[in-house]
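This report goes through a single structure, beginning at its ligand and moving on to salt bridges, strands and surface.

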Amino acid sequence: MAIATVNPTTGLTERSFTAHTPEEVETRLVTASRAFETLHATTFAQRAEWMIATAELLESEVEMIARILTIEMGKTLASARAEALKCAKNMRFYAANAEGFLADEVLDDPSSVGASSARAIYQPLGIVLAVMPWNYPLWQVIRFAAPALMAGNIGLLKHASNVPQTALYLDTLFTRGGFPEGAFSTLLIGSAEVKTVIEDRRVVAVTLTGSEPAGRSVASIAGGSIKKAVLELGGSDPFIVMPSADVPAAVALAVTSRTGNNGQSCIAAKRFIVHSDVYDEFRELFVSRMAALRVGDPMDPDTEVGPVSTEGGRRDLAALVDDALGKGATALVGGAMPPGPGWFYPPTIIEGITREMRLYLEETFGPVASLYRVADAAEALAIANGTDFGLSSNVWTTDEGERAYFTRELQAGAVFVNDMTISYPELPFGGIKVSGYGRELAAAGIREFCNLKTIWEG
Ligand code: NAP
C-alpha cells in the first residue's frame, strides 16, 4: 500500500511519501536505544513535566492537526478537534497517575518468605513497536504512548499508510515537548517491513491496533521471537434494548455510536438487538434519525457523517450489505452506494438478517446498522454472543435482574449499561476472543509493558 494522503472526500491523492530506507530505520533504532538509556533513569516527575508540556503543545496546535486528520481520513472537523483534545487529556491523566499505577508492591510480612524485606517493582521494558490504524489516527497512538512513555518505555510508531502526515506530526511531538530524542518516533514503512522490526533484538514488544489478519500476523511474528504482544482488534458490539429501556435515549446513542467517526470505530455498536415489546418504537425512531443525518464534506460544520476513509473500505462495506440484500434482508434506510466523487456511503439500517448472511458474523466498518428483533433476554444474549468478536457491549435496561444477567453473561471486554461505549483514560480497554488480548489504559494498561521484578532481600 502506497504511503500517501488520499482525501476520501474527493478521492484525490494530495501527497505521497517515500518510505524510510533500511538505513533510515536503523538510524531510528539506534536513536531509540540511546533514548531508552536516558529515559528509563529519569524520575516520574521529570517525565510528567515533559508529558504536560507535550499536552500543552498539542492543545495549542489543535486546529492545524485537526485539519490534517479530516483531510487524511475524512472524520468531521469537530470530531477531529475533540480527538486531539482527548489526547491531551490522556497525557495529563498519565502524567498525574503513572507513578501511583506503578508503585512498588510491598509484602507486609516478609518473614513469611524468609526475607527481611520483599517487594515487586515495575520497570520499563524498552522499545515497543506500535502498529496503529487510521480511524483515530491520534487517539489510538496517544492511548498507547502516554502511559508507555510515563513508564519509561520508548515508542516506535508504524502508522497506517493512509495517514502519513499525522504520523510525521507524531514523530516530533514528544521531542518538542522535552522528551529525549528518539523517545517516540515514527517509521514510515509498509506492513511488509514490520516483521524485521519486531524481530530486531532492540525491540522488546509490540502493540497492534487494527484488523484480525494484521493481528494474527503480528502476534505470530512476536511469538516466534518470544516477545510480548498486545492486540486491539475488531469488534461487532451488540446494543441490546430491553422493555424497561428509555427508548428515545437509547435511539439517540444508537445513532451516535453507529455513525460517529463515519461509522469506523472498533467500539461502535454495530448490532442492535431489540426486544419485541419495544421493537416497533425503536425501529421507527432509529430509521427517522438515521435518515435525517446530514452526509457530506467533513470540513463543513453542518456535516454529521463524512465519507468512509478508503476506497477499499467502502467496497468491503457495500459487499456486506449487498450480500444481505441478495439473500433476502431489507434496507430500511440507505443500502446503496451513491454516485459522485469521494467514498461516501449513506447511514443504513438492515433488517431481516439471518445466519447465512455475512452481516451476521462480520464487522461492518462504516455507518451500517444491523437490526434484530428478539423475544426475550436469552435470545438477545445468544445473538450478542454469536460472533467471534468480544470487544465491548451495550445493554439498555432498568431491571436489576437483567443488568446482573447481561453484565455476567456478555462475552466482551466491557459492558456499558444505559450508555454507548467510550474509551476513557481512567478505565482499562481491550477485548476477548478475536477482538484481541491484553489491555490498554489504567493500571492494567500501563503495566503491560513493564517488568514486574521481584526483590527479595535477606
Ligand atoms: P489494518 O489493515 O489491520 O491496519 C492497521 C495497521 O496494521 C496499519 O498500520 C497497517 O499498515 C498495519 N498492518 C496491516 N496488515 C499488517 C500485517 N500483515 N502485518 C503488520 N502490519 C499490518 O486495519 P484497518 O482495517 O485499516 O483498520 C480497521 C480495523 O481496526 C477494524 O477491524 C477495527 O475494528 C480495528 N480497530 C480496533 C481498535 C481497538 O482498539 N480494538 C481500534 C481501532 C480499530 P498499512 O496501513 O501499511 O497496511
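A residue is taken as near a molecule when one of its heavy atoms lies within 4 Å of that molecule. The model described here is predicted.

## Ligand surroundings

There are 29 residues around the ligand, and those that come nearest are Trp134, Ser161, Ser211, Leu233 and Glu363. Three contacts to oxygen atoms of the ligand are given in the table.

| Residue | Protein atom | Ligand atom | Distance |
|---|---|---|---|
| Lysine 158 | polar side-chain atom | oxygen | 3.0 Å |
| Alanine 160 | backbone N or O atom | oxygen | 3.3 Å |
| Serine 161 | polar side-chain atom | oxygen | 2.6 Å |

The ligand taken alone exposes 910 Å², and the protein buries 86% of that area. Serine 161 appears both in the table, through its side-chain atom at 2.6 Å from a ligand oxygen, and among the residues that come nearest to the ligand.

## Salt bridges

The count of salt bridges in the model is 19. Three of these pairs are described below, together with the cover on each partner.

Glutamate 363, one of the residues that come nearest to the ligand, meets lysine 270 in a salt bridge between their side chains, with an N to O distance of 2.9 Å. This pair links distant parts of the chain, 93 residues apart: glutamate 363 is in the loop between helix H12 (358-361) and strand E14 (368-374), whereas lysine 270 is in strand E11. Are the two partners buried or partly exposed? Lysine 270 has a relative accessible area of 1%, so it counts as buried. Glutamate 363 has a relative accessible area of 23%, and therefore counts as partly exposed. The cut-off that separates the two partners is 20%, because buried means a relative accessible area under that value. A network is also present, in which salt bridges with shared partners join Glu26, Asp200 and Arg202.

The side chains of arginine 143 and glutamate 440 form another salt bridge, at 2.8 Å from N to O. Here too the pair links distant parts of the chain, with the partners 297 residues apart; arginine 143 lies in helix H5 (residues 139-151), and glutamate 440 in the loop between strand E17 (436-437) and helix H15 (442-447). Arginine 143 is buried at a relative accessible area of 2%, and glutamate 440 is buried at 5%.

The third pair is arginine 216 with glutamate 212, whose side chains meet at 2.5 Å, N to O. Both residues belong to helix H8 (residues 212-224), where they are 4 residues apart, about one turn of the helix. Arginine 216 counts as exposed, with 52% relative accessibility, while glutamate 212 counts as partly exposed, with 26%.

## A buried asparagine in a loop

Asparagine 261 sits in the loop between helix H9 (247-259) and strand E11 (269-275). Its relative accessibility is 8%, so asparagine 261 counts as buried. What does the side chain of asparagine 261 reach? It reaches the backbone oxygen of asparagine 135 at 2.9 Å, and the backbone oxygen of glutamine 264 at 2.9 Å. Strand E11, which bounds this loop, also holds lysine 270, the salt-bridge partner of glutamate 363.

## Strand pairing

Strand E1 (residues 4-7) and strand E2 run antiparallel and are joined by 4 bridges. Within this pairing, alanine 4 stands opposite serine 16 in E2. The hairpin of E1 and E2 has 4 residues between the strands, and glycine 11 takes a positive phi near 80° there. Strand E2 (residues 12-16) is hardly covered, as the count of buried residues among its 5 residues is 0.

A separate open sheet is formed by 3 strands in the order E3-E4-E18, with antiparallel pairing. Its edge strands are E3 (105-106) and E18, each pairing on one side only. E3 is joined to strand E4 (residues 117-124) by 2 bridges, and these strands run antiparallel. Glutamate 105 stands opposite alanine 120 in E4.

## Nonpolar surface patch

Leu107, Val113 and Trp456 make a nonpolar surface patch of about 290 Å². Tryptophan 456 is found in strand E18 (residues 450-457), one of the edge strands of the open sheet. With a relative accessible area of 49%, tryptophan 456 is partly exposed. A residue can belong to a patch when its relative accessible area is over 30%.

Conventions: Residues numbered from 1 in each chain as written. Predicted model: local features only at pLDDT ≥ 70, side-chain atom pairs only at ≥ 80, totals over all residues. Heavy atoms only, no water. Buried < 20%, exposed > 50% of the residue type's maximum accessible area, 1.4 Å probe, protein only. Pairing = 2+ DSSP bridges. Patch = residues over 30% accessible without salt bridge, like charges linked within 9 Å, V, L, I, M, F, W, Y side chains within 5 Å. Areas by Shrake-Rupley, 256 points an atom, 1.4 Å probe, with all protein chains shown as cover. Salt bridge = Lys/Arg side-chain N within 4 Å of Asp/Glu carboxyl O. Polar contact = N/O pair within 3.5 Å; in protein donor to acceptor, adjacent residues only side chain to side chain.
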